Amino acid sequence: MDASVRVRFAPSPTGYPHLGNVRTALFNWLFARHTGGTFILRIEDTDQARKVEGAVEVILNSLQWMGMDWDEGPFYQSQRLDMYREYGEKLVNEGKAYYCYCSSERLDAMRQEQIKLKQPPGYDRHCRDLGHEKTGWGDSAVAPVIRFRSPLEGKTVITDLIRGEVIFENSTLDDFVLLKSDGYPTYHLANIVDDHQMQISHVMRAEEWLSSTPRHVLLYAAFGWQPPRFAHLPMILGPDKSKLSKRHGATSIDEYRDKGYLPEAMINFLSLLGWSLDDKTEIMTCEEIIKNFTIERVSKTAAVFNAAKLEWMNGVYIRNLSPQEFSDRCMPFVKQALPDMVIEPGYMQQIAPLVQERARVLAEVPDLVDFFFSDKLEYDSALLCGKLERAQAVEVLNRTIRALENIHEWLAGDMEAAIRPLAEGLELKAGPFFGVLRVAVTGRTASPPLFETMEVLGRDRCMARLKAALQKL
RNA sequence: GGCGCAUUCGUCUAGGGGUUUAGGACGCUGCCCUCUCAAGGCAGAGAUCACCGGUUCGAAUCCGGUAUGCGCUACCA
């Protein structure tokens, strides 16, 4: 237990959280829970242009859905603008940053030119030594930004908990913006100020941030602050091995919820994207993951997201649910997909066990069970015969109906005992014989076991369907 | 272009000098079970550990280079 561990998940509400974001949140949360530390939620809403309405709510909901509770926050950077500005101006006053009045047009033109000349793009430090005659807002038609006065030489060494020592030449760093002309801080400024103020001990974020870490280390030094420990997590890639994004299909976490992935399966699966317990353990409860999670066992290499494996794992979790719980969790999906049907919880509880091991995601349950609810089955009569002659199929149905009329208790065992011998009489194997009945009763060629299905369906519905099948032939 | 990171079966990964004929999982194929579909069981294919050199009695494991991939290179995060 290390109560001094303070970590944060700091998403920007510029879109809905995707698997990568959630994995980052998860690792921070796991680390906090493992160490007995504190998990803080901070919304980095400093980009007014890319802000997406409602994204914060989705982020919060997603964390809650996955069971990742936070101890402090959410804090909003947009509510702390004055403070960032003060810190920015403080650096200007100390000569560690400066106002820049370059217009975006000049900056764009400069970049174009640099690219044309095959030079590394970057700010040309035009305003770095303007002097003091022009300082602050109001002195120019152009609202200025504050830029960091990056050292021109030397090296910045960062020690990453996952990657070890990484060395950057300061000369490759440009004078990045700290405070934008709209008064909002950039990520670099706000992030450092907040991490310091919130006493963050470990910064765990995706590897895409590794390149900007020297800037952050330099900023901490400029403020005279002790930087936190850094751990850059491996990226999660799409099947084409590029950074996960919308074009890879379902990436937003609530899409997975809507498809019927279980949060516990998502936790388990995501925990294994860049972390492992040992050489064989894969299915773990959240408690087990928390107990065993350490940064030492986080891998360095980017992971391609394997949707098929997630689906498999979700199936494992679905099968491990109690029948009651499975039934309860199916309800919303079934109701939504079959809006015209009356879905009684009691009936659903009878149906559920028949499809539990056949579903990999909850959203496919409605397709598996809809025939339990419909009054009239729609199917191609050709399915009824399968490979049998029409006359044979008719005979199968007639004999079954007769046998069933003598059944006292509508129980799967009794029905099977009465019907199975009928196949022999027609010199048919059980497979083809039951096949006819299956289509008659369910309208499809694949279904849960026939007699259990018929028992749940009930006598009236089954008899009606068998007779209806006869009519079709 | 510059800088950085990475590189073990198609994918997720174990392994960190001899215990490895490189282990597990998903997926795939086959067989078994079986009233269909699943689930389950068993088996199989699949990795010269990116490549080249070096260190060493010995390298997937250590070092160097090359290649490739990815990331960053914004008044985005």
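This briefing looks at how the protein meets RNA strand B, and then at G95. The model is predicted, so local features need pLDDT of at least 70, side-chain atom pairs count only at pLDDT 80 or more, and totals for chains, interfaces and linings use all residues. Residues are numbered from 1 along each chain as its sequence is written, chains are lettered from A and ligands numbered from 1 in the order in which they are written, and side-chain values use heavy atoms, with hydrogens and water left out.

**The surface near RNA strand B**

- Around RNA strand B there are 65 residues (a residue is near if one of its heavy atoms lies within 4 Å), and D47, K180, E282, E357 and R438 come nearest.
- On the RNA side, sugar and phosphate make up 72% of the strand B atoms that come within 4 Å of the protein.
- By class, this surface has 26 nonpolar, 13 polar and 26 charged residues; Ala, Val, Leu, Ile, Met, Phe, Trp, Tyr, Cys and Pro count as nonpolar, Asp, Glu, Lys and Arg as charged, and the others, Gly among them, as polar.

**Atom pairs with RNA strand B**

- The side chain of D47 has an N or O atom 2.4 Å from a sugar or linking oxygen of the strand.
- For R163, a polar side-chain atom lies 2.9 Å from a sugar or linking oxygen.
- C102 uses a backbone N or O atom, 3.2 Å from a base nitrogen.

**A look at G95**

- G95 is partly exposed, with a relative accessible area of 33% (partly exposed lies between buried, under 20%, and exposed, over 50%; 1.4 Å probe, protein chains only).
- Its C-alpha atom is 9.4 Å from that of F148, 53 residues apart along the chain.

Key: Polar contact = N/O pair within 3.5 Å; in protein donor to acceptor, adjacent residues only side chain to side chain.
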